[in-house]
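Subject: Structure handover

Dear colleague,

I am passing on the structure below for you to look through. Please open it beside the sequence, and then read the notes that follow.

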Amino acid sequence: MRKSGIFAALALSAMVATPVAAQMDVEDQIETRQSAFTFAGWNMGKIKAQAIDGDVAYNEQQILAAANAIASVANSGLGALFGPGTGMDQNDNTKLKPEFFDEPEKAREVAIGFAQASTKLQEIAANGGDKAAIAAQFSEVGKSCKACHDAFRAE
C-alpha cells in the first residue's frame, strides 16, 4: 500500500471508529485498547517463535495470518480509544502516561510508525513470506512498539 493509501486508511478508520468510541465509557476504551494490544502481542509472539527463535516450524500461512492480525490492529483507528480520562493520572487501570495527551504530534507519529511498519510486514508476508525479510520487518514493527512504550507507557 502506498503512503497516501496508508494515510487514507488511517483517516477513514479514525472517522469510522470515533463515533463508536464516543459512545464508550472510559473503562471500556481502556479495556478495548488493552485487548487490541494483547491480541497484536500474541500475534507478534507467533511470528517471533517461527521467524526469529525457530521454536516453531516456519509456516508461511501462519505468518501471513499473524501479520494480517497485527496490521489490522495497527490500522483499526485505535486512536479513538485514547479519550479524555484514559490516562494513568485519571485512571488506575492503565499505564498510559499523561504525556500522551500533552504531545499529540508525537503520539500521532508513533501511531503512524506502527501502522506503516505493520502494513509493510503484512505486504512482505503476502508476497511469499521470505523468512529473512519477515524477520527484518518484524524488528521494525518491534521498534515501532518500543517507540510508543518508551514515550507513553509507564513501567
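F101 counts as partly exposed, because its relative accessibility is 33%, a value that lies between the 20% under which a residue is called buried and the 50% over which it is called exposed. Please keep in mind that this is a predicted model, and that the values I give are computed from it.

The neighbour of F101 in the sequence is a good place to continue. F100 has a relative accessibility of 14% and therefore counts as buried, since the limit for that word is under 20%. The count of aromatic pairs comes to 4, and one of them joins F100 and F101, whose ring centres lie 5.2 Å apart with 80 degrees between the planes, in an edge-to-face arrangement.

F100 also pairs with F152: here the ring centres are 5.4 Å apart and the planes stand at 80 degrees, so this pair is edge-to-face as well. Because F100 lies in helix α4 (residues 99–102) while F152 lies in helix α6 (residues 131–152), the pair ties together parts that are 52 residues apart in sequence. F152 itself counts as buried, because its relative accessibility is 2%. Taken together with F82, the residues F100, F101 and F152 form one aromatic cluster.

Which residue lies over the face of F82? It is R33, at 4.4 Å from the ring centre. A second case of this kind involves K46, whose charged end sits over the ring of W42, 3.9 Å from its centre.

R33 appears again when we turn to L78, which is found in the loop between α3 (60–74) and α4. With residues up to four places away in sequence not counted, L78 touches R33, A36, F37 and V73. L78 counts as buried, because its relative accessibility is 10%. If you would like to follow the chain further, the C-alpha atoms of L78 and A111 are separated by 8.7 Å, although these two residues are 33 residues apart along the chain.

Finally, is N43 buried or exposed? Its relative accessibility is 2%, and N43 therefore counts as buried. N43 belongs to helix α2, which covers residues 26–52, and, once its neighbours within four places in sequence are set aside, N43 is in contact with A66, A69 and I70.

With kind regards

How values were computed
Residues are numbered from 1 along each chain as its sequence is written. This is a predicted model: local features need pLDDT of at least 70, side-chain atom pairs count only at pLDDT 80 or more; totals for chains, interfaces and linings use all residues. Side-chain values use heavy atoms; hydrogens and water are left out. Rings of Phe, Tyr and Trp (its six-membered ring) pair if their centres lie within 6.5 Å; planes under 30 degrees apart count as stacked, over 60 as edge-to-face and the rest as tilted. Buried means under 20% relative accessible area, exposed over 50%, partly exposed in between (1.4 Å probe, protein chains only). Helices (H or I, at least four residues) and strands (E, at least two) are DSSP runs, numbered from the N terminus. A charge sits over a ring if NZ of Lys or CZ of Arg is within 6 Å of the ring centre and within 35 degrees of the ring normal. Contact means heavy atoms within 4.5 Å.
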